[in-house]
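Work through the exercises below with the sequence and the coordinates at hand. Each task is followed by a solution in steps.

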Amino acid sequence: MYDVTNTTTISRMSVTVRLVLVLVALLVALHQAASLKLLRSGWLKDDTLYQSISFSRIEPRAVFVSDLLNEFPGLKPALERTRRQASSSPSSTSFALNDTNTYGYIRYSGAYSKVIFLLTVNTAGTQTNLYRSGDYGVSFTNIESTLDPADRNPVLSIFFYTSPKNKNFLAFPHATQSQMYITNDEGRTFTKVTFSQTINPQSLQWYPGEDNWILGLNTQSDVLYVTQDTGTSWTLVDRYVDNITDFQWGDPIIDPAHIVYYNVYNPTDKNRGNYTVHLYTKQPPFTNPAQEFDPNLGRHDDFLLLGRYIFAQQTDSTGNPFLKVSYNRMPFQRARIPSTFGHMNYIVSHINNLQALVIVQHVQGQFNLYLSDSSGV
């Protein structure tokens, strides 16, 4: 990898890198504030409530303008208007919710949508209110009572999920009960899906390109399930799956259909409070034994799949983390990052499957930006 933190011109990519450097400065500011972390879900989460993870995940669409426009085509007209009217002042509106809850979580549907969802939660996590705006946040309506006629005030999980294929499809898991609420019209109407207490998935991941395939992890028992009918029935994938972020669908272009990548831990190690994981894969019908992706990788801390790349963080015998990369599903290789500084955290993205972009937080508090060759090493 090449250190491009101080590079002003990069062939073919100078504009992109300048944009990334601006966003890196923003990330540094967020990190130094010590109250916010960026996670794969896209939420900004308060550290006083949630333990941070060292291997941060930022989707490519959160970095590059071209990917932002693909994700949110509705931004293009606004961007063009902004270019034509660069001297005009931005406008803002305010709306009084009259809500006594302490925290709020916002999600924008994207794709030319005017819909914004706001979930408020009290400090104890025992009271929630779900609001929907259909006018870009000018006004909000509390829709929590419409989720379930039998329960006018369900307590929702702070994590809710949007289908990557169709922004009209969203899933809102219940925080304590074995049920979730599915909408296919962007929150105008909901269908309640109930399942057994044993299953009770709280962390979900939609399969890219298909609305009916969803992975669901029971975060209490660490058991991973899959549904092919949007939650009506569930099939066991595997047990001892590590936390809410360590499972991913494969890439539909690169991988076999519906293959799942996930970390599995040794339950004996976890009970001791000090454990590492191995990366496994499994394919439909999910009844065959899981396959370890790269046995030579072995024990590691975390992984992240982005297109042709799979990144894995490992820790050496002295407690220092380092990065390994698999390109085109080949065996992992250690990333050659040209720096004498020790590493603390990695923020990983990629550029159109041609190069890997890694932001490294060094032990001295410095953040550097590194750009790889096509293999990601």
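Two strands pair if DSSP finds at least two bridges between them. Helices (H or I, at least four residues) and strands (E, at least two) are DSSP runs, numbered from the N terminus. This is a predicted model, in which local features need pLDDT of at least 70 and side-chain atom pairs count only at pLDDT 80 or more, while totals for chains, interfaces and linings use all residues. Residues are numbered from 1 along each chain as its sequence is written, and side-chain values use heavy atoms, with hydrogens and water left out.

**Exercise 1. Strands 26 and 27**

Task: state how strand 26 and strand 27 run and how many bridges join them, then describe the burial of strand 27.

Solution.
Step 1. Strand 26 (residues 355-362) and strand 27 run antiparallel and are joined by 5 bridges. Within this pairing, Val360 stands opposite Asn368 in strand 27.
Step 2. The two strands form a hairpin with 4 residues between them, where Gly365 has a positive phi near 90°.
Step 3. Buried means under 20% relative accessible area, exposed over 50%, and partly exposed in between (1.4 Å probe, protein chains only). In strand 27 (residues 367-371), 5 of the 5 residues are buried, so the strand is largely enclosed by the rest of the structure.
Step 4. Phe367, Leu369 and Leu371 point one way from strand 27, Asn368 and Tyr370 the other way.

**Exercise 2. An open sheet**

Task: give the strand order of the open sheet with 4 strands and find which strands stand at the edges.

Solution.
Step 1. The order is 17-18-19-20, with antiparallel pairing.
Step 2. Strand 17 (247-249) and strand 20 are at the edges; each has a single partner strand, so one side of each lacks a neighbour in the sheet.
Step 3. Strand 19 and strand 20 pair over 2 bridges in the antiparallel sense, and Thr281 stands opposite Gln291 in strand 20.
Step 4. The loop between strand 19 (277-282) and strand 20 (291-292) holds Pro285. The peptide bond from Pro284 to Pro285 is cis, with omega near 5°.

**Exercise 3. Positive phi and Thr227**

Task: locate Glu186 and Thr230, and list the polar partners of the Thr227 side chain.

Solution.
Step 1. Most residues other than glycine have a negative phi, and most peptide bonds are trans.
Step 2. Glu186 has a positive phi of about 60° and lies in the loop between strand 11 (179-183) and strand 12 (191-194). Glu186 is buried, at a relative accessible area of 7%.
Step 3. Thr230 also has a positive phi, near 55°, and sits in the loop between strand 15 (223-227) and strand 16 (235-238). Its relative accessibility is 16%, so Thr230 counts as buried.
Step 4. Thr227 is in strand 15 and is buried at 0% relative accessibility.
Step 5. A polar contact is a pair of N or O atoms within 3.5 Å; within protein, one must be able to donate a hydrogen and the other to accept it, and residues adjacent in sequence count only if both atoms are side-chain atoms. The Thr227 side chain reaches the backbone nitrogen of Gly231 at 2.9 Å, and a polar atom of that side chain lies 2.8 Å from the backbone oxygen of Ser233.
Step 6. Contact means heavy atoms within 4.5 Å. Beyond four places in sequence, the contacts of Thr227 include Asn212, Trp213 and Trp234.

**Exercise 4. Nonpolar cores**

Task: how many residues has the largest nonpolar core, and which elements give two or more residues to it?

Solution.
Step 1. A nonpolar core is a set of buried Ala, Val, Leu, Ile, Met, Phe, Trp, Tyr and Cys residues joined through side-chain atoms within 4.5 Å.
Step 2. The largest has 30 residues, and those with the most contacts inside it include Phe117, Phe172 and Trp234.
Step 3. The elements are strand 6 (116-121), strand 10 (170-173), strand 11, strand 13 (203-206) and strand 15.
Step 4. A second, separate core of 15 residues includes Leu304, Leu306, Leu323 and Tyr346.

**Exercise 5. Confidence**

Task: find where pLDDT stays under 50.

Solution.
Step 1. pLDDT is the predictor's confidence in each residue, from 0 to 100. The protein chain has a mean pLDDT of 75, and 73% of its residues reach 70 or more.
Step 2. pLDDT stays under 50 over residues 6-69, for which the model has 121 contacts beyond four places in sequence. Residues 81-87 are also below 50, with 0 contacts in the model beyond near neighbours in sequence.
Step 3. Where pLDDT is low, the predicted coordinates should not be read in detail.
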